[in-house]
Number of protein chains: 2
Amino acid sequence: MQEQYNIRQLFPGLEEKLYQEMETHGEIRHIAAGDTLLRKGQTIRSTMLILDGIVKLYQEDEDGSEFFMYDIEPGEACAVSMVCSYRQENSQVLAKALTDATYMMIPNQYMDEWLAKYKSWHYFVIRTWRTRYEGLLNTINDIAFKNMDERLLLYIEGQVKKMGRHIKLTHQEIATDLNSSREVISRLMKKMEKNGWLIINRNSFEWIKP
Amino acid sequence: MQEQYNIRQLFPGLEEKLYQEMETHGEIRHIAAGDTLLRKGQTIRSTMLILDGIVKLYQEDEDGSEFFMYDIEPGEACAVSMVCSYRQENSQVLAKALTDATYMMIPNQYMDEWLAKYKSWHYFVIRTWRTRYEGLLNTINDIAFKNMDERLLLYIEGQVKKMGRHIKLTHQEIATDLNSSREVISRLMKKMEKNGWLIINRNSFEWIKP
DNA sequence: TTCCTTAAGTGACTTATGTCATAGATAGCA
DNA sequence: TGCTATCTATGACATAAGTCACTTAAGGAA
């Protein structure tokens, strides 16, 4: 079961003995699209490594509204779950599965042990924090300096790079990712269509800008 | 010279031998209020530990506008400057001294060495990243969910907690910290004054809300 | 005192975005 | 084929915040 995910390929550059420990102590879990991996305030007991699927990280308001920050993809880890065992930490964020997802849970007790034993592990931890920090920087950059039209353009270009020119997303889904509302996205996309940048279909659109 | 700052007190909990290495290899630098510690895009060659003064971290736009994110205080480190030597990194942020400040620069070559030798050092590094990540989360929380009036209130209450009820700040300075404009802050503060929360003076104000 | 610089107050206006209401369009199912 | 749920389109309006222009006030310097 564990072997259907190649952790050596997903998390390259770690020591062989560390991979073996991960296989021994890591618990593989599955989660359905839309379900919550980590709630805000929840005590963190394990480090989570994403093996399959996409997990989305949100900042959550007191009143329950969610603000999307960034995605975590296979081969990446949830930084907030990487806690040094000497203090109990609570999650400040909300993590939800976008698609069905699989992840490996490594109980916190191994964090200290592995930090001591494996050089590659502490690089991995630091690299993970750094990557997530950069994710937040990008988010801040977007909301501080860019208008929705720019953000939408960057978002679409990002999708095109990943998925090709035919994008299967509703306006509502895009709006949610950009923390905006459907009407706003519809209007902006209509404008883009008038500019000849894309063709809008139901549930999808085609990016035709060169 | 080095001895005028007690690093054992500023950075508690590290190994004695590590303090000694810090004293041997760390270079103490001074910087004047308003000067830049780290520019965006600059190659990072040293880890910076703040010994005295306050350093402000900004996100910088392509066109040069600055967005204030958080402060770094004595006893804290600039996370973005903590790079694992095996790859050259460039700064994605701008760091400026708010007050005259003193900091210790530790050349990157020691990062790997110390990570290997001192357990306390890698905890320190991870803790630093975590703290900075939380700083960004708060920033995002503010701009995503709060209006200026709430943010101003929280800001003032924070200042009161630190400096007492008599705050020596101009509206312009507050506006800059909140990434807003003077007029907006003036108007909101006038409203607060009408509510009997504060008394506005030139260059300062008194917080009288219970 | 008088002058001048800087801070603060304020009305008028602009703008981006969000919200409401309502209508039209499309795909898939019965 | 027609029905219905779900998308999409769009006008009208609300609102927070930024900008401009100009005024008023305070404090230090001469």
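**Entry 1: getting started**

Helices and strands here are DSSP runs, at least four residues for a helix and at least two for a strand, numbered from the N terminus. I kept that beside me while I opened this predicted model.

I looked up which elements supply the surface near DNA strand D. In chain A, α7 (182–194) and β9 (198–201) each give at least two residues, and so does α7 (182–194) in chain B. The largest share comes from α7(A), with four residues.

**Entry 2: who sits around the strand**

Next I asked myself which residues come nearest to DNA strand D. There are 19 residues around the strand, and the nearest are H171(A), R202(A), M148(B), S180(B) and R187(B). On the DNA side, sugar and phosphate make up 48% of the strand D atoms that come within 4 Å of the protein.

I also sorted the surface residues by kind: eight are charged, eight are polar and three are nonpolar.

**Entry 3: phosphate oxygens**

I then went through some atom pairs at the phosphates of DNA strand D.

- S180(B) uses its side chain: an N or O atom there is 2.7 Å from a phosphate oxygen of the strand.
- M148(B) uses its backbone, where a polar atom lies 2.8 Å from a phosphate oxygen.
- N203(A) also has a backbone N or O atom by a phosphate oxygen, at 3.1 Å.

I noted that M148(B) and S180(B) were already on my list of nearest residues.

**Entry 4: the two domains of chain A**

Leaving the DNA, I looked at how chain A is divided. Domain 1 covers 2–144 and domain 2 covers 146–207. I found their centres, taken over C-alpha atoms, 29 Å apart.

How many residues of each domain are in contact with the other? I found ten in domain 1 of chain A and six in domain 2 of chain A. Between them the two domains bury about 660 Å², and carbon and sulfur atoms hold 35% of that area. On the domain 1 side, K56(A), F68(A) and D142(A) lose the most area to domain 2, together 53% of what that side buries.

**Entry 5: one threonine in chain B**

My last stop was T139(B), which I found in helix α4 (residues 119–145) of chain B. Is T139(B) buried or exposed? Its relative accessible area is 7%, and buried means under 20%, so T139(B) counts as buried.

I wanted to know what T139(B) touches, leaving aside its neighbours within four places in sequence. From its own chain I wrote down F67(B), F68(B) and M69(B), and from chain A, I140(A).

Conventions:
Residues are numbered from 1 along each chain as its sequence is written. Chains are lettered from A and ligands numbered from 1 in the order in which they are written. This is a predicted model: local features need pLDDT of at least 70, side-chain atom pairs count only at pLDDT 80 or more; totals for chains, interfaces and linings use all residues. Side-chain values use heavy atoms; hydrogens and water are left out. Buried means under 20% relative accessible area, exposed over 50%, partly exposed in between (1.4 Å probe, protein chains only). Contact means heavy atoms within 4.5 Å. A residue is near a molecule or strand if one of its heavy atoms lies within 4 Å of it. A polar contact is a pair of N or O atoms within 3.5 Å; within protein, one must be able to donate a hydrogen and the other to accept it, and residues adjacent in sequence count only if both atoms are side-chain atoms. Ala, Val, Leu, Ile, Met, Phe, Trp, Tyr, Cys and Pro count as nonpolar, Asp, Glu, Lys and Arg as charged, and the others, Gly among them, as polar. Domain bounds come from an automatic or database domain assignment. Buried area is the accessible area (1.4 Å probe) that two parts lose on being put together, summed over both.
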